[in-house]
Amino acid sequence: ELVELGAGLPDGEKLKRMIELANMEVREIGKSSINVPGTDVKMNIRIRSDYEVELRAWRRDRSKALRLIEELRNAGYNPIMYVDGEGYTISITHSKVKSDERLRKPVCELLYRWLNETSNEKRRVRIVAAMRNLECLNDT
């Protein structure tokens, strides 16, 4: 399917995209998420384009999404939920992660692990910028 998608591209663009794909780092499932302290919820860490961090979980079923919201609220977090395609994204924003040490600490630990594991320079720059925004570097 990828070959068919690239068939209409000029040769130079094909080569460029193949090189990009070959240099991509593949992460294991679950390697980009944390267990939210005080809950049974796992949320993915996303570094946004402005280098702010957001915790996200996605559920197709609305009732499951609402149960997740309730569990997070019962633990003292203030998540938001929005429709995302055919499901629902539950999010804890950067400012809430930064101001809550229960969240900030495990997020910083995972970002630090990502930084040590990656050899991709662009990714390293993104991770360091996110760590700076979360003030993770002040902890060392």
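**View 1. Strands β3 and β5 pair in the antiparallel sense over five bridges.** Welcome to this predicted model; we start with a pair of strands. Strand β3 covers residues 53–59, and Arg-59 stands opposite Tyr-88 in β5. Strand β5 itself spans residues 87–92 and is mostly covered, with six of its six residues buried.

**View 2. Strand β4 joins β5 in a hairpin.** Here β5 meets β4 (residues 80–84), and the two run antiparallel, joined by five bridges. To find your way along the pair, look for Met-81, whose bridge partner in β5 is Ile-90. Two residues lie between the strands of this hairpin, where Gly-85 takes a positive phi near 65°.

**View 3. Helix α3 has buried residues on the same side.** Helix α3 runs over residues 62–74, which makes 13 residues. From its first C-alpha to its last the helix reaches 18 Å, close to the 18 Å expected at 1.5 Å a residue. Which residues of α3 are buried? They are Ala-65, Leu-68, Ile-69 and Leu-72. These four sit on the same side of α3 because they cover an arc of only 100° around the axis. And what do the buried residues of α3 pack against? Their partners are β2 (42–47), β3, β4 and β5, so this view brings back the strands of the earlier legends.

**View 4. Gly-76 follows α3, and Asp-100 lies in a loop.** After α3 comes Gly-76, with a positive phi near 100°. Asp-100 belongs to the loop between α4 (94–99) and α5. Along the chain Asp-100 and Gly-76 are 24 residues apart, and their C-alpha atoms are separated by 9.9 Å. Is Asp-100 buried or exposed? Its relative accessibility is 15%, so Asp-100 counts as buried, the cut-off being under 20%.

**View 5. One disulfide links Cys-108 and Cys-136.** The structure holds one disulfide, and this close-up shows its two cysteines. The sulfur atoms of Cys-108 and Cys-136 are 1.9 Å apart. The link is left-handed, with -75° about the S-S bond. It connects distant parts of the chain: Cys-108 is in helix α5 (residues 101–117), while Cys-136 is in the segment after α6 (121–134), 28 residues apart. Cys-108 has a relative accessible area of 7% and is therefore buried. Cys-136, at 4% relative accessibility, counts as buried too.

Technical notes: Residues numbered from 1 in each chain as written. Predicted model: local features only at pLDDT ≥ 70, side-chain atom pairs only at ≥ 80, totals over all residues. Heavy atoms only, no water. Disulfide = S-S within 2.5 Å. Buried < 20%, exposed > 50% of the residue type's maximum accessible area, 1.4 Å probe, protein only. Pairing = 2+ DSSP bridges. Expected span 1.5 Å × (residues − 1). Arc of directions from axis to C-beta. Contact = heavy atoms within 4.5 Å.
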